[in-house]
Amino acid sequence: MTSVIQGWADAVRELRKGDIPFLVIEIDDVNVRPAQLRELSLALVGLGLEKPDSVAAALVPMPVMRTAGGLDERLLAGIRTLGRWRRRTGEPISGWRHTYFERLAGKYGKSNGVIEELGLDHISHIIEKINSWDKDIHAGLYAHTNLPGDRLRIRGAPCLQYIQIELHDKSKFTLNALYRSHDYGNKCLGNLIGLCRLGALISE
């Protein structure tokens with residue numbers, strides 16, 4: 001069984017060998033052991049890199065996975081967590097005003113505790129479609145991360161362009177994520193963890 005961390009580490013070793021046109025990471029175990037992640041985070045921060053859990057939180061904050069209750073309560077727990085983070089640090093969470101999670105959940109957590117509606121809750125919409133189709137259809141569901149207020153920049157849009165959920169049968173789906181750009185050393189592990197959380201949330 002290859003874990004998220006092991007798959008990431010194996011890929012790092014391959015990339016260090018030289019020019020790699022493309023790379024496939026196969027992960028069998030999407031669970032991340034907290035103790036192992038803490039140890040690795042300390043090492044990465046020591047190298048001047050971001051903590052993987054902080055990167056993952058921009059896609060799915062951990063309280064979403066830990067909160068009891070329905071989907072609405074869990075998504076709001078994530079939005080409130082991001083708002084508290086802004087209030088506590090006074091800093092933006094990413095180079096864009098809204099995190100991936102907020103763009104996908106359709107809500108923005110302000111530092112003053114107010115929750116601002118952004119538009120469609122893509123996560124709930126995807127889960128609703130899967131359930132209404134009884135999970136028994138081969139189809140693709142898309143969720144784009146762009147917002148109407150986004151302005152074109154020299155470096156384009158947010159790195160995560162969209163996610164796709166491809167249903168195969170009643171017990172299996174594929175989650176595809178398209179990134180326009182990717183800082184492998186600094187972001188990839190956190191993004192993999194965040195995508196695993198998103199897949200787990202949808203599968204529940």
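These legends describe close-up views of a predicted model.

**Figure 1. Overview of the protein chain, with eight helices and five strands.** The model is predicted. From the N terminus, the elements run α-α-α-α-α-α-β-β-α-β-β-β-α. The chain has 204 residues, and 38% of them count as buried. About 11,900 Å² is exposed. Carbon and sulfur atoms supply 52% of that area. Contacts between residues at least 6 apart in sequence were also sorted by separation: 55% of them join residues at least 24 apart.

**Figure 2. Packing of helix α1 against helix α8.** Helix α1 covers residues 4-15. Helix α8 covers residues 184-203. Their axes lie 10 Å apart and pack at an angle of about 150°. An angle over 145 degrees counts as roughly antiparallel, so α1 is roughly antiparallel to α8. The crossing of the two helices is right-handed. From α1, the contact takes in V4, I5, W8, A11, V12 and L15. From α8, the partners are Y184, C188, L189, L192, I193 and C196. By class, the contact of α1 with α8 has 12 nonpolar residues, with no polar and no charged ones.

**Figure 3. Packing of helix α7 against helix α8.** The axes of α7 and α8 come within 10 Å and cross at roughly 45°. The two helices are therefore oblique to each other. Helix α7 passes α8 in a right-handed crossing. On the α7 side, I123, I127 and I130 make the contact. On the α8 side, L198, L201 and I202 do so. The contact of α7 with α8 divides into six nonpolar, no polar and no charged residues.

**Figure 4. Packing of helix α5 against helix α7.** Helix α5 spans residues 71-89, and helix α7 spans residues 122-132. Their axes come within 11 Å and cross at roughly 155°. The pair is therefore roughly antiparallel. The crossing of α5 and α7 is right-handed. L71, D72 and L75 of α5 meet I123, S124 and I127 of α7. By class, the contact of α5 with α7 has four nonpolar, one polar and one charged residues.

**Figure 5. Residues of α7 that face two helices.** I123 of α7 belongs to the contact with α5 and to the contact with α8. I127 likewise takes part in the contact with α5 and in the contact with α8. S124 is among the α7 residues that meet α5. I130 is among the α7 residues that meet α8.

**Figure 6. Surroundings of D121, in the loop between β2 and α7.** Strand β2 covers residues 115-117. The relative accessibility of D121 is 15%. Buried means under 20%, so D121 counts as buried. Leaving aside neighbours within four places in sequence, D121 is in contact with L75, L104, A105 and G106. L75 is also one of the α5 residues that meet α7. R103 lies 18 residues from D121 in sequence. The C-alpha to C-alpha distance between D121 and R103 is 8.1 Å.

Key. Residues numbered from 1 in each chain as written. Predicted model: local features only at pLDDT ≥ 70, side-chain atom pairs only at ≥ 80, totals over all residues. Heavy atoms only, no water. Helix = DSSP H or I, 4+ residues; strand = E, 2+ residues; numbered from the N terminus. Buried < 20%, exposed > 50% of the residue type's maximum accessible area, 1.4 Å probe, protein only. Contact = heavy atoms within 4.5 Å. Areas by Shrake-Rupley, 256 points an atom, 1.4 Å probe, with all protein chains shown as cover. Axes fitted to C-alpha atoms, helices over the stretch in contact; angles between N-to-C directions. Parallel < 35°, antiparallel > 145°, perpendicular 65-115°, else oblique. Left-handed = near helix turned anticlockwise from the far one by under 90°. Nonpolar A, V, L, I, M, F, W, Y, C, P; charged D, E, K, R; others polar.
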